[in-house]
Structure formats: structure tokens, C-alpha cells
Amino acid sequence: MSGLLELENAHARLGGVEILKGASFVVRPGEVVALCGPNGAGKSTAVRAALGLTPLTQGTARLGDHEARRLSERQRGERAAYLPQDRSIAWNLPAVEVAALGAPFLTGEAALERARAALDEVGVGHLVDRGVADMSGGERARVLLARALTVPAPLLVADEPIAGLDPDAQLLVLERLRARADAGRGVLVSLHDLSLAARFADRVVVLDQGRTTAEGAPTEALSPSILKTVFNLDAVWLEALDGPWLAARRLSPHG
Ligand SMILES: Nc1ncnc2c1ncn2[C@@H]1O[C@H](COP(=O)(O)OP(=O)(O)OP(=O)(O)O)[C@@H](O)[C@H]1O
């Protein structure tokens, strides 16, 4: 099946430095793909490159049948919902109006109704009328996720969607993303929690120093040797009640 999003051998520079040096992944309908890697590995840059937001010096980024950079912003917005890592919102608008921004193709009450449902889905239905500047960080993060869930696109890309959320909310959010994939959408999600990545993703892509270094079923991609060389972990996978669980300790101090 062809990909909703495909990054192939991507190279990209930021501030004169080569940040991506061979990043590749594909997201197909019906699957959750987790992008994992240490801080600074290039996950956010790869996500932005895949969506056509960062230009490539080599390689290709495609959204469906089209090269991402050749699509207009609107066309990209129709193909992909995107939750960036940066959770700032400039205007102190009510949550329901912020979430409704994800439904620009709907108007008035229809957009607000979809926004209310999405806020409910991520557990902040009681905050619909609250200004987003008057919320905790985790509540605001959920509002932005609701906005992404409101977008009627076949692909959902979420950059660290569970950062700063409590354990219950982390599971709730990943369940919602999993449900989107089970309903036929493609989901790309960057995650630092490797156990949750293994539990919710169909495939894991490991990025290290701007390169894809492993890709496959979660516990295969996150093999003991990758956990050691990329993540600096001495780790084994245990079979827990709800799926694989990583028991890990640091291998050695960095630097
Ligand atoms: N504008 C910039 N100029 C130069 N280097 C940059 C710029 N933006 C990011 N970088 C560098 O690019 C590298 C990749 O950053 P990126 O945000 O893609 O990593 P990441 O894997 O998402 O990290 P994290 O897990 O910490 O969010 C980092 O080393 C970062 O310092």
C-alpha cells in the first residue's frame, strides 16, 4: 500500500549545519509509526522535512503522490494534521475556539461541535470556555491535541504529544491516536517513552544523529544492540500485562 507520507534518504541543514543525514520513513493508512531517538537526534526536523516545512538538500519528502514542497500550504493542511512540539498559543481564546481552528473547512456551529467532541475525547471537555492562557501546561497541550484531532485529514502527525501529560492522560492520548489509525488514518508520533512506543505503535523508526538506524516491529527495531548504541541503555524487553515493557539502566555516563 502506498504511503500517506514518505521521507526517503532525507538530508537537511539548519543554521549551516547538516542535521538530517539520511532520514527515511513511511506512514501508511491504518498504522501508527513511532519515531524514537535521543534528544537532538533530528526527530522534529525530520517531521518538519516530511511535511515540506524544512527544505531538503538531498532525498525526497512526499505527501501521498506529491512532493511535499510542491504542495501549497492549504494542500498540505488538507493532507496532514500536525501537532508541533512547540505548544505556545498567542491569543487567549476559549479552548473550543482554538480546537475549532482544526476544522477550517467547516463553519460556525459545525466546527464548534467537532471541537467540543475532540476536547471531550482528550479529557478537557469541562474546559471548553476557558481561555487557553488560563490553563495548566498539560491542559493547554490537550487543547492543541484536540485541534489536531479535529482536522479531517488522512494523516495525523504529532510531535511528542504526551510530553508533560500525567500517566492517565498519556495513555488516553495514545489510545485516541491508536483509534484514529484503527479507523484507517495514518499516524506518525514522536515519543521518548519506548515502552509506550512498543505498546501503541505498529512500527518504530529509530533516528540517531539525523539518520534512520533501525525500523521495524517495535521490539525488533528497539533491539538490545540499538538500545545500547543509540540510547545508551542496558535494557531488556519484558512481557507485561498490556504488552512489552522495557527494563533499562544507563550503560555509562555520557561525555
Ligand atoms: N535553527 C537551528 N540551527 C542549528 N541547529 C539547529 C537548529 N534547530 C535545531 N538544531 C539542531 O538540530 C538537531 C536536531 O534537532 P531536533 O529538534 O530535530 O531534534 P529532536 O530529535 O526532535 O530532539 P528532542 O528529542 O530534544 O526534541 C539538534 O542538535 C539541534 O540542536
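This passage describes a helix pair, the shell around a ligand and several individual residues in a predicted model. Local features were considered at pLDDT of at least 70 and side-chain atom pairs at pLDDT 80 or more, while totals for chains, interfaces and linings use all residues. Residues are numbered from 1 along each chain as its sequence is written.

Helices (DSSP runs of H or I, at least four residues) and strands (DSSP runs of E, at least two) are numbered from the N terminus. Helix α4 (residues 108-121) and helix α5 (residues 137-150) have axes that come within 8 Å and cross at roughly 125°. Axes are lines fitted to C-alpha atoms, for helices over the stretch in contact, and angles run from 0 to 180 degrees between N-to-C directions. The crossing angle therefore makes α4 oblique to α5. Angles under 35 degrees count as roughly parallel, over 145 as roughly antiparallel, 65 to 115 as roughly perpendicular and the rest as oblique. On the α4 side, R114, A115, A118, L119 and E121 meet V143, A146, L149 and T150 of α5; two residues are in contact if their C-beta atoms, placed from the backbone, lie within 7 Å. The contact of α4 with α5 has six nonpolar, one polar and two charged residues. In this grouping, Ala, Val, Leu, Ile, Met, Phe, Trp, Tyr, Cys and Pro count as nonpolar, Asp, Glu, Lys and Arg as charged, and the others, Gly among them, as polar.

The ligand is surrounded by 13 residues, of which G15, N39, K43, S44 and T45 come nearest. A residue is near a molecule or strand if its C-beta atom, placed from the backbone, lies within 6 Å of it. Two elements, β2 (17-27) and α1 (43-50), give two or more residues to this shell. The largest share, three residues, comes from α1. By class, the shell has four nonpolar, eight polar and one charged residues.

The loop between β8 (186-190) and α7 (194-200) holds H192, and L191 is placed in the loop between β8 and α7 as well. L191 is buried, because 25 other C-beta atoms lie within 10 Å, whereas H192, with 15 such atoms, is partly exposed. A residue is buried if 20 or more other C-beta atoms lie within 10 Å of its own, exposed if 12 or fewer, and partly exposed in between. Not counting residues up to four places away in sequence, L191 touches A34, C36, E160, L196 and A197. The C-alpha atoms of L191 and A158 are separated by 9.2 Å, with their positions 33 residues apart along the chain.

E160, one of the residues touched by L191, is located in the loop between β7 (155-159) and α6 (167-182). E160 counts as buried because it has 20 C-beta neighbours inside 10 Å. Most residues other than glycine have a negative phi. E160 is not a glycine, yet has a positive phi of about 50°. Q209 likewise has a positive phi of about 50° without being a glycine. Q209 is found in the loop between β9 (203-208) and β10 (211-216) and, with 15 C-beta neighbours inside 10 Å, counts as partly exposed.

Strand β4 (residues 58-63) contains Q58, which is partly exposed, with 13 C-beta neighbours inside 10 Å. Leaving aside neighbours within four places in sequence, Q58 is in contact with N9 and H11.
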